[in-house]
Structures are given as C-alpha cells and as structure tokens.
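Q: Hey, I've just opened this one and don't know my way around yet. Can you walk me through it?

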Amino acid sequence: MQATLNPAVFIDKEEELGTVEQGKIADLILLDANPLKDINNTRKINAVVANGKLLLRNDIDKMLEQAKDQASRAK
C-alpha cells in the first residue's frame, strides 16, 4: 500500500488518492493469480475498475475484439 499512498501524500492528495476507499479515485486491475509468484500472472486479468466503471473479463474481451475489428478495417 505504501507504493500508492506515499506518492499521494507527497502531492498532498491523500484525501483523494493513495488507497482504495469509497469516494476516492482508483483504477484497479484484479488478477486471478499472484504476480509476485510469477510475472506471467499479470496476464491473468479477471476484471478492471477504470474511471469508476467495473469491466469484467467478458467486457474486456468484447472491447479487445472491437479494437481488432476496427484496426483491421483501418488497413
């Protein structure tokens, strides 16, 4: 937690940032496995919280598919 709280304290924004609490600004990636045990676990994304919106694995997969479709049409 210190890795996120200390920068918030340094910029005097600990009331808004730095920890996961109701009312604070936080983007999160929720993994299915511990990345400290194996760095490849960073690819095992279960969900993302971005700008206050929860994106489940199915939502992320749909977004990736749409991005691939748009990229292939742009060629």
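A: Sure, and one term will help right away: a residue counts as buried under 20% relative accessible area and as exposed over 50%. Also keep in mind that this is a predicted model.

Q: Okay, let's try that out. Is Asp 12 buried or exposed?

A: Asp 12 has a relative accessible area of 59%. The cut-off for exposed is over 50%, so Asp 12 is exposed.

Q: And where does Asp 12 sit?

A: You'll find Asp 12 in the loop between α1, residues 2–10, and β1, residues 28–31. Its phi is near 55°, which is a positive value in a residue other than glycine.

Q: What about Lys 24, buried or exposed?

A: Lys 24 comes out at 18% relative accessibility. Buried means under 20%, so Lys 24 counts as buried. Lys 24 is in the loop between α1 and β1.

Q: What does the side chain of Lys 24 reach?

A: The side chain of Lys 24 gets to the backbone oxygen of Glu 14, at 2.8 Å. There's also a polar contact between the side chains of Lys 24 and Thr 19, at 2.7 Å.

Q: Which residues does Lys 24 touch, leaving out those up to four places away in sequence?

A: Glu 14, Glu 15, Glu 16, Leu 17 and Thr 19.

Q: Switching to the strands. What order are they in?

A: There's an open sheet of 3 strands, ordered β1-β2-β3, and the pairing is antiparallel. β1 and β3 are at the edges with a single partner strand each, so one side of each has no neighbour in the sheet. From one strand to the next, the twist averages 15°.

Q: How many bridges join β1 to β2?

A: 4 bridges, with the two strands running antiparallel. As an example of who faces whom, Leu 31 stands opposite Ile 45 in β2.

Q: And over how many bridges do β2 and β3 pair?

A: β2 and β3 pair over 4 bridges, in the antiparallel sense. Ala 50 has Lys 53 in β3 as its bridge partner, and Val 49 has Leu 54 in β3 as its own.

Q: How many residues are between the strands in the hairpin of β2 and β3?

A: That hairpin has 2 residues between the strands. Asn 51 lies in this loop, between β2 and β3, with β3 covering 53–56. In the hairpin, Asn 51 takes a positive phi near 50°, and Asn 51 is a residue other than glycine.

Q: Is Asn 51 buried or exposed?

A: Asn 51 has a relative accessible area of 73%. With the exposed cut-off at over 50%, that means Asn 51 is exposed.

Q: Back to Val 49 for a second. Which strand does Val 49 lie in?

A: Val 49 lies in β2, which spans residues 45–50. Not counting residues up to four places away in sequence, Val 49 touches Ala 26, Asp 27, Leu 28 and Leu 54.

Q: How far apart are Val 49 and Asp 27?

A: In sequence they're 22 residues apart, and in space they're 5.3 Å apart, C-alpha to C-alpha.

Q: Last thing: what does helix α2 lie across?

A: Helix α2, residues 57–74, lies across β2 and β3. Helix α2 runs at about 80° to β3.

Methods:
Residues are numbered from 1 along each chain as its sequence is written. This is a predicted model: local features need pLDDT of at least 70, side-chain atom pairs count only at pLDDT 80 or more; totals for chains, interfaces and linings use all residues. Side-chain values use heavy atoms; hydrogens and water are left out. Contact means heavy atoms within 4.5 Å. Buried means under 20% relative accessible area, exposed over 50%, partly exposed in between (1.4 Å probe, protein chains only). A polar contact is a pair of N or O atoms within 3.5 Å; within protein, one must be able to donate a hydrogen and the other to accept it, and residues adjacent in sequence count only if both atoms are side-chain atoms. Two strands pair if DSSP finds at least two bridges between them. Axes are lines fitted to C-alpha atoms, for helices over the stretch in contact, and angles run from 0 to 180 degrees between N-to-C directions.
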